[in-house]
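Subject: Structure for your study

Dear colleague,

Please find below the structure that I agreed to pass on to you. My notes on it follow, and I would be grateful if you read them with the structure open.

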Amino acid sequence: MDRSLAEGALFTDQYQLTMAQLYWKDGLHERPARFEHFFRRYPDYGRHQAGYCIAAGHAWFGEWARTVRFGPAELEALRQHRTDDGHRVFDEGFLGWLDEVGGFDALSIEAVPEGRVVHANVPMTIVEGPLALAQIIETPLLNQLNFQTLIATKASRVRQAARGGSVLEFGMRRAPDQGANAASRAALVGGADFSSAVGLSHMVGFPPKGTHAHALVQVHMALGAGEIGAFRSYADAYPDDVLLLVDTIDTLQVGMPNAITVFEEVRAAGHEPVGIRLDSGDLAHLSVVASSMLDEAGFPDASIVLSSGLDELAIWQIRNQVRDEAPSYGLDPDTVTRRLVYGVGTKMSTSDGDPNLDGVYKLVAIQSEEAGDWRPAIKVSDTPAKVVNPGRKQVARVYGERGKAVADVMAHVDEDVAAPMHVHHHATPGVARTITRVSEVEHLLEPFTAAVQATDPDGQREAIEAARIRRDADIARLDPGVLRLVNPHVYHVSLTDRIFEMKQRLVAEARANR
């Protein structure tokens, strides 16, 4: 099945194209316009909530926008669109214009770079250029950036809970169809060290990781060789990667003794075992006891890989239980937790608890025909949080005296952002403050071309590693309250006086003229 038509330039909603044609009919299709992409709220997983997000998806979306074209197949498909009474939906003149422009090269895109911390209601992507093209690109932009940002955020929280422990992503089996690849990549940006997804891992330059399933043990049991026969078979095939799943029969009474026997045989043959995997039961308790058994058997460096429905909250609870329980076995809790590796599957690749990011794409300014100046655009709503913050804006992150981020501030593009600054709540009139003590003001938006990396594995890996560096640097400068896994502190998102006053004026004018 050829999916190229569905995944190319027509990977958008019908109404984007009908609006684009309307702009063409009105002569507005090439009028410069500015749209902003942002999300309205952080993911709320029910029992726990996010206080920040991690931007992701830029490299793939950038490559898509750079390469797709309105070619013969796309234009012929649009010619086939008919109204209920049989008339063509798309005029041949409009299709001719699409053929002429070809793709989205005329658009200028800025973004907060991949891997960086981003906050609710702050523009993370800016699209500027011909109105019709900027309209059509809305759906693919939201689809790709929203999803990868959602998964990268979940992965970052998992990494935060692991507190330095290795994180493996293996959610492909229950991920949303081909979205599994995007989820795996986003997880690598956000916090996973490696993924089990073979094709994706090779594509982005990371070796895929995996162990074995219960089926391997079941096969050998059914054929009379038993669990130890399965372990020996695995060790014979992969002597330098012996990591054994020990809970098929009885973890502590059968699986661990069999694994230790095989580990001793592996060492005698000149190799060193990697460790064990636990996939059921009380993972914290089993980790403590298994750690004690491995130490007594002379394998203090063997890893313990945990799986079975893990997420950030489960990992946090496991680590706390290990800290309480390890001393009763004569073990140092830090010694136990250092050997733990966290395998996170479904709950990361599906963002369990909150499966979508409330990302939106709003027109904020359009150029006038007469003077060529930019006119701010407003959307008014009875819900204050949905009233658009208008105008061509820059985004600045303000750091306090301790070097921690204290606010993201939206200012006009030609405004000087410096302390002292009087700022307003982004959505609630009457809530304002003055920021006086500032150690640094950082401008967040960068040209999107920087996100388009080489398509070879080395280039893909470099892009992910650079995003990880940005991620770690930003998280280190967040207040601990914002990083809380449960009920995080609300980070400040603000407007300068100039943007606030323009917004209030436009809202008043819109309501007066309705």
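Among the contacts in the protein with a separation of 6 or more, 76% are accounted for by residues 24 or more positions apart. Please note that this is a predicted model.

To begin with the whole protein, its secondary structure comprises 19 helices and 20 strands. Along the principal axes, the C-alpha atoms fill a box of roughly 85 × 60 × 35 Å. The protein has 514 residues, and 53% of them count as buried. Its accessible surface is about 22,200 Å², with 50% of that belonging to carbon and sulfur atoms.

I then looked at strand β11, which spans residues 340–344. How many of the residues of β11 are buried? Five of its five residues are, and the strand is thus described as mostly covered. Leu 340, Tyr 342 and Val 344 point one way from β11, while Val 341 and Gly 343 point the other way. Two strands pair with β11 in the parallel sense: β6 (residues 166–169) does so over four bridges, and β10 (residues 303–306) over three bridges. Val 341 appears in both pairings, since Ser 166 stands opposite Val 341 and Val 341 is also the bridge partner of Val 305.

Helix α4 (residues 72–79) offers a useful exercise in reading a helix. Its residues Glu 74, Leu 75, Ala 77 and Leu 78 are buried. Why do these buried residues line one face of the helix? Seen down the axis of α4, they fall within an arc of 155°, so they lie along one face. In general, an α-helix has 3.6 residues a turn, so residues three or four places apart point the same way. The buried residues of α4 pack against three helices, namely α1 (4–7), α2 (14–25) and α5 (92–101).

Finally, I examined Arg 471, which is found in helix α17 (residues 457–476). Is Arg 471 buried or exposed? Its relative accessibility is 3%, and buried means under 20%, so Arg 471 counts as buried. The side chains of Arg 471 and Asp 472 are joined by a polar contact of 2.9 Å. Leaving aside residues up to four places away in sequence, Arg 471 touches Ile 54, Gly 115, Arg 159, Leu 188, Val 189, Gly 190 and Gly 191.

With kind regards

Notes
Residues are numbered from 1 along each chain as its sequence is written. This is a predicted model: local features need pLDDT of at least 70, side-chain atom pairs count only at pLDDT 80 or more; totals for chains, interfaces and linings use all residues. Side-chain values use heavy atoms; hydrogens and water are left out. Buried means under 20% relative accessible area, exposed over 50%, partly exposed in between (1.4 Å probe, protein chains only). A polar contact is a pair of N or O atoms within 3.5 Å; within protein, one must be able to donate a hydrogen and the other to accept it, and residues adjacent in sequence count only if both atoms are side-chain atoms. Contact means heavy atoms within 4.5 Å. The arc is that of the directions from the helix axis to the C-beta atoms. Two strands pair if DSSP finds at least two bridges between them. Accessible areas come from the Shrake-Rupley method with a 1.4 Å probe; for residues, only the protein chains shown count as cover.
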